[in-house]
Amino acid sequence: MLQDTSFAIHPGHDQQSRPMIYKDIGALITKEQSGNRHQFTCENGFVSTVFYTDTIVRVVMNPNDTPSLTGSRAVITETVDVAVTEEESDTELILKTSRLALHITKTPFRVTVKDAEGYELVGEGERGMSFQANGVVAAFKTMHPADHFYGFGEKTGHLDKRGESYEMWNSDVYAPHNPETDPLYESIPYFMTLREGRAHGVFFDNTFRTTFDMKSSEEMYTFSAEGGQLDYYIFAGPDPKSVLEQYTYLTGRIPLPSKWSLGYHQSRYSYETEEEVRALAQQFVEKDIPVDVIHLDIHYMDGYRVFTFDKERFPNPEKLIADLRDMGIRVVPIVDPGVKKDSEYAVYQEGVREDHFCKYIEGDIYFGEVWPGISAFPDFTDEKVRSWWGDQHAFYTDIGVEGIWNDMNEPAVFNETKTMDVTVMHGNDGRPTTHRELHNVYGLLMGEATYEGMKKQLNGKRPFLLTRAGYAGVQRYASVWTGDNRSFWEHLQMSLPMVMNLGLSGVAFTGPDVGGFAHDTNAELLTRWTQVGAFTPFFRNHSAIGFRYQEPWQFGEKYEQIIKKYIQMRYQWLPQLYSLFYEASVTGLPVMRPLLMEFPHDEKTYNLNDQFMIGDNVMIAPIMQPSVTDRAVYMPEGTWVELATGEVYEGGMTHLVHAELEDLPIFVKQGTAFMQGDWTSNVDKQPQNVTLHVVPGQPGDTYQMVYYDDDGETFAYETGVYMRLDIEVRTTEDGVDVRVLSKQGAFTPAYKAIKVATVGQNPVKHVMINGSVSNEPVIDL
Ligand code: GLC
């Protein structure tokens with residue numbers, strides 16, 4: 001159009017063809033130290049290193065200025081005093097804690113991180129910290145032939161991410177969730193490297209669009225960002241569990257979830273009326289199929305206005321919620337960030353009047369289209385807005401709601417870029433910056449606003465929050481579901497590595513839409529998926545508008561009975577799962593684990609995608625293909641007992657296992673134990689009986705476990721009203737010896753005692769409890 005003006009020779013026309021050149025940080029010029037922080041001035045930029053603990057070090061490179069160490073939205077932990085020794089020669093400087101050593105080469109400036117024994121964790125070679133003139137910052141790290149990569153939050157594909165490259169940019173992706181679909185809704189710029197049984201971690205705390213490349217070279221991997229500082233933490237490990245403990249020490253752990261949130265959730269886009277919801281609840285009760293939560297998707301609202309109910313469809317939500325509560329069922333409504341532009345709508349009016357919405361720098365509100373039509377978006381990066389938004393939730397908590405489902409919080413916008421203009425400014429708690437920098441934390445901060453607001457209003461009850469988008473640290477506020485998957489067998493298969501890698505990324509409370517969201521599910525797929533769902537940390541059946549309904553009874557009696565069996569099984573396992581969730585809240589270790597977490601020296605586990613552990617001793621090997629009733633199961637070290645059949649399998653090899661449609665292969669390691677309760681009824685979900693099942697092993701085998709219980713819904717545990725038993729189980733020559741090593745807390749459960757039973761074919765003459773033989777063994781509480 002402007003070709004006949006000087007625009008035809010605009011210098012910009014040339015830019016496409018010119019590759020951006022990385023500039024190296026160059027040689028070290030000067031160094032200074034203050035406390036845990038070392039400050040380096042190099043030829044082309046500035047680097048700071050800070051020891052957070054003796055196993056965590058932070059490295060920050062800024063090409064233009066002394067690195068800033070404040071402002072992280074992910075990190076919640078301050079540095080502690082760490083003893084650091086320093087050795088210096090002409091060419092090198094070594095900074096050492098008792099567990100980590102930074103080997104810094106001076107010319108050029110290279111930082112290689114080793115453990116105290118000199119084993120290289122993260123190395124730099126020919127290339128190191130670099131940047132481009134356009135603001136891109138990048139780290140080039142040595143890739144070892146035996147390196148395997150895990151984590152990266154929510155990604156499609158297989159468990160081991162070597163040979164892949166990923167981008168972090170929270171995105172609403174309705175379709176297709178293929179192995180190549182990247183990025184998805186969550187950005188967790190963190191990974192763990194496993195090399196010959198030893199593990200370390202890297203967290204790249206940069207909220208711009210970031211890229212991780214373990215694909216382009218076999219000698220080197222790279223992580224880079226569109227802008228900001230090259231700001232990363234290295235975790236020394238030395239095994240997968242300690243890496244995760246270190247990462248979650250820095251970014252936080254899940255709050256202990258309420259028991260009801262660990263039950264079965266039923267959802268649909270949407271159950272559209274009060275009658276429909278009541279009838280649904282009634283079906284569950286009549287059929288004795290357990291359900292703890294019914295989700296209300298967008299149709300409950302008045303024209304999709306958040307914090308409203310449609311008066312025709314839902315004339316009396318308070319009564320609905322109370323009646324369902326009497327049936328033992330809670331209601332979780334969806335809340336999206338988009339606030340409808342409607343000058344007669346109170347939330348919009350208040351948002352505009354009190355200046356809560358995201359704006360362009362010139363002062364105009366940013367509007368984008370989502371479900372309600374043209375909408376404004378709260379600026380969650382400001383405390384004032386977070387607290388305003390949190391307060392709005394009294395609308396729900398006042399009528400008995402204890403859980404919220406946050407969706408579309410990437411934020412999703414129906415436009416070409418799928419999101420807000422990157423030029424929109426955020427207040428950012430006094431450090432204003434653009435959406436380009438803060439896009440990836442929008443969902444996290446909405447989660448913070450919602451969780452904290454709900455917590456304030458619930459008077460001591462634990463809020464439940466489900467979110468679609470997030471950033472590192474999202475686990476502190478919300479559980480995560482993996483978004484709009486489809487009713488494909490491939491998506492059932494993919495959900496395992498996805499949930500396991502989320503778990504390895506600190507997000508312990510996750511799960512996919514069971515049955516698949518879009519596309520029509522079918523009887524067999526729903527059945528097999530429910531078997532898996534019974535053991536994924538978050539267990540919700542959800543399906544999309546326009547596709548087949550997929551409640552447990554939709555495919556006839558035969559399938560209903562199997563599905564019911566597995567939903568009930570979820571509740572039988574709850575005492576064990578709840579103890580593992582307690583562990584996750586204390587240590588960061590996930591409930592559902594890849595085998596490599598328990599067997600990091602066994603290379604056969606490094607890319608095992610179709611089996612998983614629940615805790616450290618229960619292994620699930622589901623069938624995830626149609627018409628299949630046999631599968632290979634890799635048994636790691638130990639001897640394994642299949643629960644349903646009592647069949648014993650030797651570890652260290654692969655076995656063929658048979659499982660009809662009604663069977664889910666569950667194996668428990670010999671010499672260990674697990675806790676189960678019984679399913680009672682929807683109205684009162686507390687188990688009447690809790691049993692410790694001991695799987696005897698070889699004489700001398702000893703196993704320690706933690707059993708945790710409390711009221712399941714309040715924060716009273718924070719003031720000592722809980723019960724924690726540290727139990728030791730030992731296999732003896734002729735029986736098992738169960739000891740309670742310690743009992744803590746002031747909570748006494750209704751079941752008063754724990755029964756003890758043995759499982760498997762090893763003959764057991766007697767069971768000793770705390771030193772005395774008993775015919776009807778119980779642990780008195
Ligand atoms: C998004 C969500 C989906 C929800 C739908 C309607 O697609 O991912 O779970 O049902 O929006 O709210």
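Visitor: Which residues are around the ligand?
Guide: The ligand is surrounded by Y269, D297, I298, I334, W371, W405, D407, R468, W481, D484, F517 and H542. A residue is near a molecule if one of its heavy atoms lies within 4 Å of it.

Visitor: Is this an experimental or a predicted model, and how are residues numbered?
Guide: This is a predicted model, in which local features need pLDDT of at least 70, side-chain atom pairs count only at pLDDT 80 or more, and totals for chains, interfaces and linings use all residues. Residues are numbered from 1 along each chain as its sequence is written, and side-chain values use heavy atoms, with hydrogens and water left out.

Visitor: Back to the ligand. How many nonpolar, polar and charged residues are in the shell?
Guide: The shell has 7 nonpolar, 1 polar and 4 charged residues. Ala, Val, Leu, Ile, Met, Phe, Trp, Tyr, Cys and Pro count as nonpolar, Asp, Glu, Lys and Arg as charged, and the others, Gly among them, as polar.

Visitor: What is the distance from the side chain of D297 to an oxygen atom of the ligand?
Guide: An N or O atom of the D297 side chain is 2.5 Å from a ligand oxygen. For R468 the corresponding distance is 2.8 Å, and for D407 a polar side-chain atom lies 3.0 Å from an oxygen of the ligand.

Visitor: How much of the ligand does the protein bury?
Guide: The protein buries 97% of the 310 Å² that the ligand exposes when taken alone. Accessible areas come from the Shrake-Rupley method with a 1.4 Å probe.

Visitor: New topic. How many disulfides?
Guide: The structure holds 0 disulfides, a disulfide being a pair of cysteine sulfur atoms within 2.5 Å.

Visitor: And C42, buried or exposed?
Guide: C42 is buried, at a relative accessible area of 4%. C358 is buried too, at 0%. Buried means under 20% relative accessible area, exposed over 50%, and partly exposed in between, with a 1.4 Å probe and protein chains only.

Visitor: Where is V480?
Guide: V480 sits in strand β32, residues 479-481. Strands are DSSP runs of E, at least two residues, numbered from the N terminus. V480 has a relative accessible area of 0%, so V480 counts as buried.

Visitor: What does V480 touch?
Guide: Leaving out residues up to four places away in sequence, V480 touches E154, E186, L466, T467, V474, V507, F509, T510 and G511. Contact means heavy atoms within 4.5 Å.

Visitor: Which side chain does T672 make a polar contact with?
Guide: The T672 side chain joins that of N617 in a polar contact of 2.9 Å. Within protein, that is a pair of N or O atoms within 3.5 Å, one able to donate a hydrogen and the other to accept it, and residues adjacent in sequence count only if both atoms are side-chain atoms. T672 is in strand β44, residues 672-677.

Conventions:
Helix = DSSP H or I, 4+ residues; strand = E, 2+ residues; numbered from the N terminus.
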